[in-house]
Amino acid sequence: MSALAHVPTGSGQPATPPAARSGRYRFLPYLLLLPGAAWLFLFFALPLVQLAAASLYDPSGSLATGYALTWAFGNYPDALQAYWPQFTRSFLYAGMALVLALLMGYPLAYAIAQKAGRWKNLLLVCVVAPMFTSFLVRTLAWKTILSDNGWIVGLLRDVHLLGPDGRLLATPVAVVLGLTYNFLPFLVLPLYASLERLDYRLLEAASDLYASPLRAFRKVTLPLSMPGLVAGTLLFFIPASGDYINAELLGTPKEYMIGNVIDSAFLVRLDYPQGAALSFLLMAAILAVVFGYLRKAGTDEVL
Amino acid sequence: MTRISRWLADRWLMGVALLVLGYLFLPIAVVAGLSFNRPSSRLSYDFNEFTLDNWRRPCATSDMCDAVVRSVQIGFLATVVATVLGTLMAFALVRHRFRGRSGINVLIFLPMATPELVMGTSLLALFVSAGVPQGFWTIVIAHVMFCVSFVVVTVKARLAGMDSRLEEAAMDLYASEWQTFRRITLPLVLPGIVAAALLAFSLSFDDFIITNFNAGTTVTFPMYVWGAAQRGIPPQVNVIGTAMFLIALLLVLASTLRGRRAKRFS
Amino acid sequence: MTAMGHDAPAGDLRLANLTKRFGIFTAVDDLSLTIPQGSFFALLGASGCGKTTTLRMIAGLEAPTSGQVLLGDRDIARLRPYKRPVNTVFQSYALFPHLDIFENVAFGLRRRGIRKVGDQVERMLSLVQLDGYGRRRPAQLSGGQQQRVALARALINHPQVLLLDEPLGALDLKLRRQMQIELKRIQTEVGITFVHVTHDQEEAMTMADTVAVMNAGRIEQLGAPADIYEFPATAFVANFLGQSNLLAAEAAGPAGGEVPVTAHGGRYSVPVGRSRIDHGPVYLGVRPEKLHLVGSADQVPAGHQHVTGVVTDASYVGVSTQYLLRTGWGSELSVFVANSGAAGPLPVGTQAVAYWDPRHAFLLPREPGQDDRTTPVLDEPVGAAS
């Protein structure tokens with residue numbers, strides 16, 4: 001949401017209404033903010049602190065006996081050592097899904113923004129519409145589509161892209177396809193927003209100045225769509241790398257991502273210190289990827 | 001020949017776009033199709049035989065319908081609270097100057113950038129350590145938390161796009177602060193608030209990850225589907241999925257039509 | 001309709017030592033002026049000169065840092081905007097997009113608790129020639145129609161003072177001319193004090209009885225449009241209101257009803273009554289249309305003064321031809337010659353003499369060291385014969 005979150009406000013507005021300036025309303029903004037800010041503090045910020053504390057609990061405790069905060073920093077390397085395959089898999093799958101999503105999402109966003117004319121709004125609704133159905137129900141539908149008896153697998157077997165016993169379901173392919181599918185709209189929408197603002201005359205100017213279509217794309221379209229591209233990439237990557245529904249429903253334990261591990265640590269194995277440590281590691285890894293990426297993309301104003 | 005290649009050059013992009021849209025809609029079509037399916041066994045996901053039974057008796061599996069009702073209740077409560085809190089915050093951010101604005105902005109932005117998994121597990125850690133029993137109300141609390149930011153962003157955009165001279169004009173025409181708010185500001189921002197509420201409801205209704213960590217034994221619709229995926233999915237789940245899609249589509253179409261009619265009159 | 005203004009008690013609008021600072025920036029600087037009741041007053045200035053801030057302080061949308069806004073004997077400077085008998089026609093109108101035209105116009109009446117508004121609104125709409133438009137939305141009207149709604153919405157409240165903030169800025173030229181006449185007609189009809197803020201000098205001169213030229217938060221000159229134009233008080237006014245040729249000159253005190261000056265080696269004189277200053281560094285000013293062109297010095301009529309030069313540019317603009325005449329010392333004078341058919345065009349490069357009646361010239365104060373100010377200001381002219 002980063003790009004959308006930064007709809008210009010403060011600087012862009014003309015004059016603040018007089019009510020804002022006169023002393024009578026000095027405390028009003030704080031009153032307006034208080035309930036929402038308190039909610040976010042209590043149920044977003046404070047829990048993060050609690051999670052940090054939980055990640056440093058004595059790992060030998062349990063829910064039944066109670067946990068002691070022993071500053072057990074060893075939880076982190078232990079968790080990482082036990083689950084590094086799932087960690088790398090999370091980022092690998094999310095990365096592959098991102099590449100696929102970019103290959104599909106960029107042409108889609110560009111076509112809607114620049115070529116769709118009066119169908120623009122309808123096509124935009126079409127991008128969002130699939131999200132109207134429950135996330136889980138849609139993911140389960142992929143089970144039917146990719147099923148061993150389905151026409152896709154049949155076709156692939158016929159053209160010998162898959163062996164006679166080859167399958168798609170319960171393979172990394174299915175998980176990556178599911179991830180791509182589920183988060184594609186998050187990539188397309190911000191991308192569309194910045195491509196829509198692109199003035200077609202800039203491309204005409206570029207071709208007037210002897211740029212081939214490819215060069216015009218590389219030198220004009222791509223740089224100008226950068227804010228949307230960065231925002232869309234983040235909106236795609238952050239939930240995709242933390243997802244475990246696709247791995248659970250379309251894959252097998254061999255395709256499990258870090259989310260599956262965290263889920264089971266908290267809800268099945270009841271190993272809170274480990275689950276909390278893994279959660280923090282996930283967040284740290286995502287933040288590292290995000291900031292590294294932002295520095296590279298050079299558009300830190302999107303955040 | 002050149003005409004064909006030019007036509008292709010013009011259309012290939014639209015063609016790719018339609019293929020991608022097809023990819024996005026394929027599962028919806030499958031869900032709609034499966035809602036008319038009589039599965040061969042509980043664990044089968046393949047189409048077997050056409051039937052209208054699922055639509056005639058959507059509540060044949062009663063615990064599924066209970067879950068839907070519970071999700072609607074939670075969604076309604078979370079939407080009301082998040083919309084009120086978020087709208088107040090948006091007003092403060094757009095209409096007032098105050099100290100600590102950037103801190104508040106970070107507090108609003110972070111929940112949108114944090115993986116749901118982390119928010120879910122951290123709330124779980126808090127509730128467990130505070131000894132709060134998890135269930136219906138902890139789900140509502142969690143949903144309000146992640147919806148508020150989206151409400152703020154949506155309403156803020158609408159408010160920031162509003163010309164503050166309209167409010168000045170109202171005051172110039174003898175409207176007091178309260179009258180200005182009621183007669184001018186509120187009606188003009190209302191579409192943004194409604195959009196924010198719809199967004200909040202759909203986020204809440206569809207949330208699985210955060211709910212899963214904070215539900216205790218309470219079962220929402222996504223949690224029901226999750227559980228059923230292991231035991232075998234009743235085909236009525238697809239009926240609910242299709243109905244959700246249709247209802248949302250109708251809402252969107254209705255609002256577009258209204259918008260278009262308003263535009264035609266102008 | 002003429003009865004409209006009379007139910008308001010009589011009172012001039014007076015600004016007394018009005019000052020507005022934003023941080024270290026002084027937008028309005030110790031402004032004092034009186035606007036007589038029933039007059040059409042224009043505040044003219046470039047953007048950022050403080051004219052809109054002044055207007056907003058009168059409306060109550062901006063609180064003055066110090067000073068008073070007096071309506072009759074009452075200081076209204078600290079009243080909320082909705083407590084003042086003052087209404088505003090906003091720049092780009094600020095019509096309420098969610099209300100129809102009728103409700104927009106009725107807004108002020110309804111806020112004051114008046115129930116039966118129908119007749120008044122209908123009458124107001126016909127005053128601004130929008131009968132039958134009541135049920136439309138603002139977005140369905142053209143710019144000129146929206147402008148009239150904004151006017152009706154303000155006028156219906158019978159304010160003692162009507163403020164107009166660049167009300168015609170968003171209209172195209174033809175419509176603007178039309179609306180200028182319209183506004184003047186309405187003002188005469190309702191007899192309310194109009195305070196009109198604009199950056200368009202022609203608009204200010206066409207409409208207002210009194211024009212105040214503002215610069216950097218202060219009033220440079222105030223008076224009837226013709227008086228200001230014919231005899232500006234400062235170099236700023238001379239070039240903001242129309243165009244002037246200002247030659248750097250030295251004056252040595254009056255002598256026999258005239259002030260003799262020397263400029264670039266030439267000797268000239270200006271009547272005492274046309275001199276803002278009579279000794280020291282001065283500007284000798286002549287408007288371009290007060291200059292006449294002839295081929296040689298012996299054609300200059302008696303009693304006139306002249307400057308010799310070379311025509312460097314001739315722009316034909318229909319009613320007149322605008323020449324640039326490069327003088328011996330390098331300045332370029334603007335000369336407007338009416339296309340009356342009396343004389344043929346002068347080609348670029350011709351030697352020519354510009355002459356004027358001393359009674360049309362004026363003397364203005366000049367900072368020592370400042371050079372000629374002729375308009376338009378050009379860099380090195382291209383292709384000029386020297």
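Select helix α7 of chain B and display its surroundings: what covers its buried residues includes α8 (177-206) of chain B together with α1 (51-59) and β6 (86-89) of chain C, where helices (H or I, at least four residues) and strands (E, at least two) are DSSP runs numbered from the N terminus. Everything on this tour belongs to a predicted model, in which local features need pLDDT of at least 70 and side-chain atom pairs count only at pLDDT 80 or more, while totals for chains, interfaces and linings use all residues. Residues are numbered from 1 along each chain as its sequence is written, and chains are lettered from A and ligands numbered from 1 in the order in which they are written.

Staying with α7 of chain B, select residues 164-172, a helix that is mostly covered, with nine of its nine residues buried. A residue is called buried if 20 or more other C-beta atoms lie within 10 Å of its own, exposed if 12 or fewer, and partly exposed in between, with C-beta atoms placed from the backbone. Among the buried residues are Arg165(B), Glu167(B), Glu168(B) and Asp172(B), as well as Leu166(B) and Met171(B). Then step on to Tyr174(B), which follows the helix and has a positive phi, near 70°.

Next, colour chain A by secondary structure, which shows 14 helices and zero strands. Of its 303 residues, 44% count as buried. Residues 24 or more positions apart account for 70% of the contacts in chain A with a separation of 6 or more, a contact being two residues whose C-beta atoms, placed from the backbone, lie within 7 Å.

To overlay the record, select residues 87-295 of chain A, which an unreviewed UniProt entry lists as "domain: ABC transmembrane type-1"; UniProt positions are given in the numbering used here, feature names are shortened, and annotations may be inferred rather than shown by experiment. In the model this span is 77% helix and 0% strand, with its end C-alpha atoms 23 Å apart. The unreviewed entry also lists "transmembrane region" for several spans of chain A, including 91-110 and 220-240. Residues 91-110 of chain A are 100% helix, with end C-alpha atoms 27 Å apart, and residues 220-240 of chain A are 95% helix, with end C-alpha atoms 29 Å apart.

Where does Thr171(A) sit? Select Thr171(A) and find it in the loop between α7 (151-158) and α8 (172-196) of chain A; it counts as partly exposed because it has 18 C-beta neighbours inside 10 Å. Add Glu255(A), 84 residues away along the chain, and the two C-alpha atoms are separated by 7.1 Å.

Now show chains A and B together, where 79 residues of chain A are in contact with 80 residues of chain B. On the side of chain A that touches chain B, helix α3 (residues 28-54) of chain A gives the most, with 19 residues.

Finally, move to chain C and select its open sheet of five strands, ordered β15-β19-β16-β17-β18 with antiparallel pairing, where two strands pair if DSSP finds at least two bridges between them. Strands β15 (292-294) and β18 (332-338) of chain C stand at the edges with a single partner strand each, so one side of each is left without a neighbour in the sheet. Within the sheet, β16 (residues 305-316) and β17 (residues 320-327) of chain C pair in the antiparallel sense over seven bridges, and Val310(C) has Arg326(C), in β17(C), as its bridge partner.
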